[in-house]
Amino acid sequence: MPTAIGPSRPPRSAVVIGAGMVGLATAWSLRNHGVEVTVVERRHPAAGASWGNAGWLSPALTLPLPEPAALRYGLRGLVSPESPVYIPPRPDPRLARFLLTFARNCTPRRWRVLAATFATLSRHALDAYDALAADGVAEPTRPAEPCLIAFRTAAERAAMVEELEHARAAGFRTAYERIDGERARALEPALGEGIGAAVELHGQRYLNPGNFVRSLADAVRKRGGEILERTEVSGIRDLGRAGVAVTTPGGQLRADVAVVATGAWLDPLVRPFGVRVPVQAGRGYSFSVPAEGAPTRPTYLAAQKVVCTPLGEGRVRVAGMMELAPADRPVDPRRIQAIIAAARPLLRGVDWEARTDAWVGARPCTPDGLPLIGPTGSPRVYVNGGHGMWGVALGPLSGRLLADAIATGASPAELAPLHPLR
C-alpha cells in the first residue's frame, strides 16, 4: 500500500537539479501534475551520462550490478586497465568503504533480493516510454528484434543463460533462445567467425540517448517548464513552511520542493539532509564508428562487456567498460583501446580508425545497486538518482513514480526498497 510522504499540502512549485534523463523525466511528470518546474543544469541537457551510453532499453538485462561474478571482475580489474572492469589503484578511504559494502552485496542470496526489486521496476519501464511518446516526446524508441548477445563458445554463453534463468526466477519477463554462430552471423553479418554461439533476446528496445534527452527537454519547455543551463547549484536550504532555497551563482531559486537528480554528483547536495548511501562514479566509455561494416542491430559481446548500438545518422555507438574513478577525470585513451582490442577479433568490417566522439560518462552507482528515489530527512528535498547503468532504462519510470509521490503525498509501493534514507 502507498505510504505517506512529503509536505502537508501538494507543492505548487519545484526546482529539479539535473537535466539528464532522470531529472527531465521527473520534471515532465511534475508538470503533468500541474507543478511549476524549473530545471537547473550545470552544463546543458544530456551533457552527462545520458548522452554517450549504449541506449539499450532492455528490461531483461536491467539486473543488479552487485553479483557474485563482480568480485572476480573487480579483482582482475585492480591489475589491468585493459580489463572490462577497472579500479585505478589510489589511496581513497571513501572508495574502499564503497567497495567493502558492494562486496557484501555480491552474494547469491542478496542478488535474489535485489533482482526482485529490479524485476518489479522493469515490468513497467517500457510503458513509461510509451507514455512519453503518447504525450508529445518526438524522438522515437526502436524495437530491437532481436537483440543479439554473442559469444565465442557455447561454454562461454552458459553463464549468460544461467543469469537469464535466475532473472526469470526473480520475476523478470525474459524471452530468449539459444542459437549457433552460423545463425548469429546470418542475423548480423558484422559478426566474425570467432562467434560460435549467441542468444536472441526478444522484447527489448533501443534509442539514440542524446537525441531522446534533448527531445524530452524540448517537451518540458513546451509544457511550460523552465530549464536554466550552465547554472551550478552549490546548496539547498530547507525554509520550513516557506519551502526551499536553491543557491546558484545568480542568486537563490525559491520553490515548495527540490529534487536532486545530479547523477554521480549527488552526495554533496543530499548528505546534509541525511542521505548516507554513497554514490560512486562508475565510468563507462563509448565512441562511434561508421555504420558500414558495423552491426546493424543492438549487439552485445557479453564476455568482453562491449555493446554496439546503431544510432542512425550513419553511425554505430560502441560502448563498454566500467571504471571506478573520479567523475570528472578526463578520457583515459587506454580504455578506448581496450574496447577496440576486445571487439576487433569478433567483428569484421568495422573501420576502427574512423571512430569519433570518444566519451566517458560517470554512471552513479550505489553499493547495493539500487537507485535512491524518494524523500530525504527534509519533507521538501527529494532524490532521484543512483541508477548505475540503468538511468536511461528506468529514468522515465522513476521520474513518474517520484512525481506521483511528491504531488499526491502517497508513495507508490515500488519505491519502498529505494528509499534514500535506507
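**Sheets, cysteines and helix packing**

Strand 13 (residues 244-248) and strand 14 run antiparallel to one another and are joined by 5 bridges; helices (H or I, at least four residues) and strands (E, at least two) are taken as DSSP runs and numbered from the N terminus. The structure is a predicted model, in which local features need pLDDT of at least 70 and side-chain atom pairs count only at pLDDT 80 or more, while totals for chains, interfaces and linings use all residues. Residues are numbered from 1 along each chain as its sequence is written, and side-chain values use heavy atoms, with hydrogens and water left out.

Within the pair formed by strands 13 and 14, A245 stands opposite R254 in strand 14. Both strands belong to an open sheet of 3 strands, in the order 12-13-14, whose pairing is antiparallel, where two strands are said to pair if DSSP finds at least two bridges between them. Strand 12 (235-238) and strand 14 (251-255) stand at the edges, and each has a single partner strand, so one side of each is left without a neighbour in the sheet. From one strand to the next, the twist averages 25°.

Another open sheet is formed by 3 strands in the order 4-10-6, again with antiparallel pairing. Its edge strands are strand 4 (56-57) and strand 6 (142-144), each of which pairs on one side only. Strand 6 is joined to strand 10 (residues 204-206) by 3 bridges, the two strands running antiparallel, and A144 stands opposite Q204 in strand 10. As general background, strands of a sheet pair through backbone hydrogen bonds, either parallel or antiparallel. Beyond strand 6, a cis peptide bond with an omega of about -5° joins E145 and P146, and P146 is found in the loop between strand 6 and strand 7 (147-151).

The surroundings of S13 were examined next. S13 is found in strand 2 (residues 13-17), and its relative accessible area of 19% makes it buried, a class that covers values under 20%, with exposed meaning over 50% and partly exposed in between (1.4 Å probe, protein chains only). The side chain of S13 reaches the backbone nitrogen of D256 at 3.0 Å. Once its neighbours within four places in sequence are left aside, S13 is in contact (heavy atoms within 4.5 Å) with V35, E36, A255, D256 and V257.

A comparable description applies to V350, which is found in the loop between helix 10 (333-343) and strand 20 and which counts as buried at 12% relative accessibility. V350 and A294 are 56 residues apart in sequence, yet their C-alpha atoms are 5.1 Å apart in space. Not counting residues up to four places away in sequence, V350 touches V289, G293, A294 and P295.

The cysteines were considered in turn. A disulfide is a covalent bond between the sulfur atoms of two cysteines, and it is counted here where a pair of cysteine sulfur atoms lies within 2.5 Å. By this rule the count comes to 0 disulfides. The sulfur of C106 is 12 Å from the closest cysteine sulfur, which belongs to C365, and this is too far for a bond. C106 counts as buried at 5% relative accessibility, and C365 likewise counts as buried, at 3%.

Two residues that are not glycines have a positive phi, and they are described here in sequence order. M321, with a phi of about 75°, is found in strand 19 (residues 315-324) and is buried, with a relative accessible area of 5%. D357, with a phi of about 60°, has its place in strand 20 (residues 356-365), and at 43% relative accessibility it counts as partly exposed.

Finally, helix 1 (residues 21-32) and helix 11 (residues 391-408) pack at an angle of about 35°, with their axes 7 Å apart; axes are lines fitted to C-alpha atoms, for helices over the stretch in contact, and angles run from 0 to 180 degrees between N-to-C directions. The contact is made by M21, V22, A25, T26, S29 and L30 of helix 1 together with residues of helix 11 that include G391, V392, G395, P396 and S398. The crossing of helix 1 and helix 11 is right-handed, a term used if the near helix is turned clockwise from the far one, whereas left-handed applies if it is turned anticlockwise, by less than a right angle.

How values were computed. Polar contact = N/O pair within 3.5 Å; in protein donor to acceptor, adjacent residues only side chain to side chain.
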